[in-house]
Amino acid sequence: MSLAASPAEAATFENYVALGDSFTAGPLIPPTAPWSDLRCMRSASNYAQLTADRLGVAEFTDASCSGAVADDFWESQHYGVPPQFDALTPETDLVTVGIGGNDFGFVDVLTECAERSFDNPFGSPCKNSYGDELDQRIEDLRGEISDVYAEVFERSPDATVLSVGYLQILPEGRGCWPVMPIARGDVAYLDQVQSDLNAMLEEEATAAGAVFVDVLERGHDVCQKSSDRWVEGLVPENSAAPVHPNKAGMAAVADRVGETLGVASGAA
């Protein structure tokens, strides 16, 4: 089935598979999962592992891998690392999917915008450069994202499938240049781009029969103090990769996933 359990009644799952990129894998968040290929940099504290622990599933496979794009679901990302879709079976009854950010090129965009910010920190050099290109990138991804969910349901037709969005990276305005070197006029622009990416992921996942888990909660972006931050900046203050979720962020995502499945936050 594709519908999540109501909050009042948690569903029971036996075979859970997590698919995704680094926002699922959790690079540099300790401890590293002992079964993880080091090239995928999976954390034993990522939201998938936390979710598996809370649900008490009999079988759990974390196939997520840092740097993954949608093609890596069908093809091997690294030598000896199976395609992520190989983890799915007809017996799989829960799947979480977090993909699209690398296909969009968010890291490259942030890098380019950061470089441009040093020439015009109070302007909008990134917006001026990209214009409507990033909107078109999002639209161009629709078919690929749709194919991902079609394949998930083909391989695991009875699974509950959750599409997990991306945590907020930048605030809605102003920013915190040079701590996070994005020009003041580009902060709101890039925040809107991320919101639009999440919206597209929700639309395509929902159209395919999956349930979207919205995790973009304001007030936990890279410009917040370290105790409030769910995503680290270019120079992490908590253990995590730059511009990636930290342990608190992963716990927050696990809570949202749990709420969708009817499991209390932090439940073991």
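**Exercises on the sheet and an enclosed space**

In β4, Ser163 is the bridge partner of Val97. The model is predicted: local features need pLDDT of at least 70 and side-chain atom pairs pLDDT 80 or more, while totals for chains, interfaces and linings use all residues. Residues are numbered from 1 along each chain as its sequence is written, and side-chain values use heavy atoms, without hydrogens and water.

**Exercise 1.** Determine the sense in which β3 and β4 pair, and place both strands in the sheet.

*Solution.*
1. Strands are DSSP runs of E with at least two residues, numbered from the N terminus; two of them pair if DSSP finds at least two bridges between them.
2. β3 and β4 pair in the parallel sense over 4 bridges.
3. The open sheet has 5 strands in parallel pairing, ordered β2-β1-β3-β4-β5.
4. β2 (59–62) and β5 (211–213) are the edge strands, each pairing on one side only.

**Exercise 2.** Identify the residues that line the second largest cavity, and classify them.

*Solution.*
1. A cavity is a set of points on a 1 Å grid over the protein atoms alone where a 1.4 Å probe fits but cannot get out; lining residues have an atom within 4 Å of a point.
2. The lining consists of Val97, Gly98, Ile99, Tyr149, Ser163, Val164 and Leu201.
3. β3 (94–98) and β4 (160–164) each supply at least two of these residues.
4. With Ala, Val, Leu, Ile, Met, Phe, Trp, Tyr, Cys and Pro as nonpolar, Asp, Glu, Lys and Arg as charged, and the others, Gly among them, as polar, the lining has 5 nonpolar, 2 polar and no charged residues.

Definitions and conventions: 1 Å grid on protein atoms, 1.4 Å probe; cavity = no way out; pocket = protein on both sides within 12 Å on 5 of 7 lines; lining within 4 Å.
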